[in-house]
Amino acid sequence: MSPDSTFQLHTGRSMPAIGLGTWQLTEDTDGSVADALEMGYRMIDTSGDYGTQPGVGEAIRSVGVPREDIFLVTKVEEHEDALEATGSNLRELGLDHADLMLIHRPPRDGAGEALWKGLIEARDDGLTVDIGVSNYSIEQMRTIADATGEMPVVNQIEWSPFGWSPEMLEFCDAEGILIQAYSPLTRARRLDDPGLTEIAADHEATPAQLLLRWNLQHGVAPIPKASQHDHRQENLEVFDFEIGGEEMRALDEMNEHYSALGSLAYI
Ligand SMILES: NC(=O)c1ccc[n+]([C@@H]2O[C@H](COP(=O)([O-])OP(=O)(O)OC[C@H]3O[C@@H](n4cnc5c(N)ncnc54)[C@H](OP(=O)(O)O)[C@@H]3O)[C@@H](O)[C@H]2O)c1
């Protein structure tokens, strides 16, 4: 794998294996995103409710990377009309299409079949190339697929060795759904875990790099957020080492369903 490695979506398109998250990247968003794109990031994750869409759009429009080389992910909220919200997100971004539009989270009642139909319409209207979900359980993905005949291409969920789900990984593998790992660095809360630091040291890598590499080796695409330039650079340098089989198993076994957000939404 290399910084421009991609994973295949079940629609046939490829998606960059690593991206930049922008939640709370509200200070100098355009400068930070432009810096990331110049550094080699090709996927940016934002949302209608992050306050970062204007800056993300500004960076994408002004940086010297062709639009078709950038994979822009954004989200509609569960209380919104998905088709309308897709349009308003694009207006805020100042872009004519997204690469991937997600339902940010399932609504309180049901699986969001109406939202999913709205995103299918948005996709068919050319407002987004692919569509997916976030914070969805296996059952909720089955429900929207049963209602429409379409499985999401991506489920964006909280995912780290401390909190993940073998059942979700197996289901997504079988259905060709790609997992995007959010809070892949545990919001920096578990980076000093002794088990993690020990394996990282063996590879002369940092704990953050080990967490990202663990995702990539599971075929999962992490979207770490970093407001600091040096962190962004470090998080992209995860392609020159490989975690061995035994070490992968040791990392897998650290699973305690930990969530930096409070609980894993998809379990
Ligand atoms: N779909 C959803 O519901 C959902 C929910 C949460 C997050 N997300 C997406 O996922 C993205 C990532 O998740 P997140 O922001 O919650 O957390 P995260 O990426 O796990 O952690 C971000 C924190 O880690 C620090 N950090 C970054 N690189 C580091 C490094 N190499 N060494 C040490 N610390 C480092 C950052 O510091 P600095 O900023 O100081 O560099 C920041 O404090 C979000 O930005 C957002 O795009 C989606």
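Hi everyone, this is a short tour of one chain and the ligand it holds.

A word on the basis: this is a predicted model, where local features need pLDDT of at least 70, side-chain atom pairs count only at pLDDT 80 or more, and totals for chains, interfaces and linings use all residues. Residues are numbered from 1 along each chain as its sequence is written, and side-chain values use heavy atoms, leaving out hydrogens and water.

Let's start with the fold. The chain has 10 helices and 10 strands, taken as DSSP runs numbered from the N terminus (helices H or I, at least four residues; strands E, at least two). Its radius of gyration is 17 Å, which agrees with the value near 18 Å for a compact globule of 267 residues; that is over C-alpha atoms, and the globule rule is 2.2 Å times the number of residues to the power 0.38.

Now, the ligand. Its shell holds 28 residues, and the closest are Asp45, Ser183, Arg187, Ser227 and His231; being near means having a heavy atom within 4 Å. Helix H9, residues 229-236, gives the largest share of that shell, with three residues.

What about polar contacts, meaning pairs of N or O atoms within 3.5 Å? A polar side-chain atom of serine 134 is 2.8 Å from a ligand nitrogen. Asparagine 235 also has a side-chain N or O atom 2.8 Å from a nitrogen of the ligand. From proline 184, a backbone N or O atom lies 3.4 Å from a ligand oxygen. The ligand alone exposes 900 Å², and the protein buries 89% of that, by the Shrake-Rupley method with a 1.4 Å probe. Thanks, everyone!

Note on methods: A polar contact is a pair of N or O atoms within 3.5 Å; within protein, one must be able to donate a hydrogen and the other to accept it, and residues adjacent in sequence count only if both atoms are side-chain atoms.
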